[in-house]
Amino acid sequence: MKFDVSSEIHLAIREVVGKGKHVLHEPNFLGNEYEYLKNCLDQGHVSATGEYIDKFEKSVANYLGAKHAIAVVNGTAALHLALAVSGVSRDEEVLIPGLTFVATANAVSYCGANPHLIDISPSTLGIDPHKLRLHLQEHSIMKNNLSVNRKTGKAIRAIVPMHTFGHPVEMVELLSVAKDFNLVVIEDAAESLGSTLNGQHSGTFGDFGIISFNGNKIITTGGGGMVITQNDGLANKVRHISATAKIQHPWKFDHDSIGYNYRMPNLNAALGLAQIEILEDRVHKKRRLYAEYAKSFSRVDGVSLFSEPTNARSNYWLQTLILDEKVMGMRDLIIEKLIRDDIFVRSAWNIISDLIPYKNVYSGELKVAHNLSRRIINIPSSPQIMVD
Ligand SMILES: *Cc1c(COP(=O)(O)O)cnc(C)c1O
């Protein structure tokens with residue numbers, strides 16, 4: 001019989017998930033969600049005031065071992081705030097991975113700055129620190145203690161490493177490059193809540209980290225995000241501009257800059273507090289799910305299941321298949337066949353420079369990003385697939 005990679009993948013997934021319909025990633029609300037939400041309604045505190053905002057922020061900071069966690073309306077707003085407070089401004093550049101969700105690039109654009117793309121590593125799926133260093137040595141020059149792009153003449157202010165599908169990137173090496181080129185480091189940890197590197201949580205290595213609590217992330221507040229930092233001054237600035245830059249006063253309305261209305265409502269924070277209580281359980285189940293898929297896919301030729309990088313504990317937010325080059329041309333057929341059978345899978349994002357608004361951004365060579373973006377398939381990843 002002819003080798004049929006699409007049937008083999010189909011069988012290997014069914015062996016793990018069983019019968020029926022399976023979405024890519026589903027939330028669940030089996031803890032204190034109803035009780036906390038009812039309290040909000042009973043107390044009439046649904047919006048900017050209420051006990052849950054503070055409680056949720058403290059519990060996330062405590063979980064991460066971080067000094068400050070500031071709850072905001074979504075992960076994109078968290079990125080925007082971190083970039084703005086880092087001083088990223090008009091006609092500067094920010095280094096981001098070539099393969100990431102569009103929000104990473106959009107937040108840079110909101111500051112009037114330009115994304116500057118760096119290739120990824122096949123072992124982490126995030127920015128390759130070695131390529132980054134070589135790229136900056138060749139393409140930038142130090143002026144007034146700032147790295148400046150030799151071609152565009154623009155200052156390169158910051159770097160936003162992203163922990164793809166929950167897998168921590170090589171932060172130790174990236175921090176060393178950032179130090180040598182005087183870059184602010186903002187970790188896009190939107191997908192990696194619960195993931196650690198050398199025992200330290202993603203999002204706590206850089207000057208800032210950001211998390212997303214969108215409905216498809218490992219835990220959710222409906223919509224929501226958080227800015228993480230260890231620095232008191234930076235935390236105060238984020239709080240201030242996320243709340244319309246209002247000067248604290250019992251009754252006067254005075255604002256000292258153009259701020260944003262990005263604070264998370266109490267209702268969402270109540271949901272978040274209940275969700276953080278079940279986070280570790282979800283991480284454990286997702287790691288068990290990885291082990292089940294690994295067993296099942298060990299027998300399948302032409303495809304491999306992506307494993308966490310060395311020294312990392314990944315939250316395995318999305319399980320990831322990587323097609324061998326010899327079958328990568330079949331990606332769309334494989335995806336369509338699985339979806340027809342109610343197994344919801346998806347391809348990776350297009351690389352940023354393939355998107356219409358980012359066609360002309362400055363970019364290093366993106367060989368790995370380009371290649372992997374066409375070989376990745378994310379498969380059903382809900383922790384609920386694993387029963388207790
Ligand atoms: C989800 C996500 C974001 C944005 O988070 P939202 O809460 O949806 O705004 C940013 N970056 C990455 C990599 C993401 O996956």
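This passage describes the overall build of a predicted protein model and then turns to several of its residues and one of its helices.

We can start with the whole chain. The protein contains twelve helices and 17 strands. A compact globule of 388 residues would be expected to have a radius of gyration near 21 Å, and the value for the protein, 21 Å, agrees with that. Along the principal axes, the C-alpha atoms occupy a box of roughly 75 × 60 × 35 Å. Burial applies to 55% of the 388 residues. Contacts across the sequence are also worth a look: of those between residues at least 6 apart, 72% connect residues at least 24 apart.

The surface and the charges complete this overview. About 16,900 Å² of the protein is accessible, and carbon and sulfur atoms account for 53% of that area. The side chains include 40 positive and 41 negative ones, and the centres of these two sets are 2 Å apart.

Helix 4, which spans residues 75–85, is a convenient place to move from the whole to the parts. This helix is mostly covered, with nine of its eleven residues buried. The buried residues are Gly75, Ala77, Ala78, Leu79, His80, Leu81, Ala82, Leu83 and Val85. At the N-terminal end, Asn74 acts as a cap: an oxygen of its side chain is 3.1 Å from the backbone nitrogen of Thr76. After the helix comes Gly87, which has a positive phi near 90°.

Val88 belongs to the loop that runs from helix 4 to strand 2 (93–97). Its relative accessibility is 6%; a residue is called buried under 20%, so Val88 qualifies. Beyond its neighbours within four places in sequence, Val88 contacts Leu83, Val94, Cys111, Ala113, Arg157 and Ala158. One of these partners, Leu83, is itself among the buried residues of helix 4. As a sense of scale, Val88 and Lys367 are 279 residues apart along the chain, and their C-alpha atoms are separated by 28 Å.

The loop between strand 13 and strand 14 holds Asn315. With a relative accessible area of 0%, Asn315 is buried. Its side chain makes polar contacts with backbone atoms on two residues. It reaches the backbone oxygen of Glu191 at 3.0 Å, and one of its polar atoms is 2.8 Å from the backbone nitrogen of Trp317. Setting aside residues within four places in sequence, the contacts of Asn315 are Phe165, Gly166, Glu191, Ser192, Leu193, Gly194, Ser195, Ile218, Val283 and Lys286. Glu191 therefore appears both as a contact of Asn315 and as the residue whose backbone oxygen its side chain reaches, a pair of N or O atoms within 3.5 Å being a polar contact.

Tyr316 lies in the loop between strand 13 (312–313) and strand 14. Although Tyr316 is not a glycine, its phi is positive, about 45°. Tyr316 counts as buried, at 2% relative accessibility. Asn145 offers a helpful counterpart: it too has a positive phi without being a glycine, here about 65°. Asn145 sits in the loop between strand 4 (140–143) and strand 5 (146–149). In contrast to the buried Tyr316, Asn145 is exposed, with a relative accessible area of 55%.

Tyr316 also leads on to His167, since the two residues are in contact. His167 is located in the loop between strand 6 (155–159) and helix 7 (171–180). It is buried, with a relative accessible area of 1%. The side chains of His167 and Ser314 are joined by a polar contact of 3.0 Å. Apart from neighbours within four places in sequence, His167 touches Thr124, Phe306, Ser307, Glu308, Pro309, Ser314 and Tyr316.

A last residue to visit is Val327, in the loop between strand 14 (319–323) and helix 11 (331–340). Val327 is buried, with a relative accessible area of 7%. Not counting residues up to four places away in sequence, Val327 touches Val5 and Gly302. Val327 and Ala105 are 222 residues apart in sequence, and the distance between their C-alpha atoms is 30 Å.

Note on methods:
Residues numbered from 1 in each chain as written. Predicted model: local features only at pLDDT ≥ 70, side-chain atom pairs only at ≥ 80, totals over all residues. Heavy atoms only, no water. Helix = DSSP H or I, 4+ residues; strand = E, 2+ residues; numbered from the N terminus. Rg over C-alpha atoms; globule rule 2.2 N^0.38 Å. Buried < 20%, exposed > 50% of the residue type's maximum accessible area, 1.4 Å probe, protein only. Contact = heavy atoms within 4.5 Å. Areas by Shrake-Rupley, 256 points an atom, 1.4 Å probe, with all protein chains shown as cover. Lys, Arg positive; Asp, Glu negative; His and termini not counted. Charge placed at Lys NZ, Arg CZ, Asp CG, Glu CD. Polar contact = N/O pair within 3.5 Å; in protein donor to acceptor, adjacent residues only side chain to side chain.
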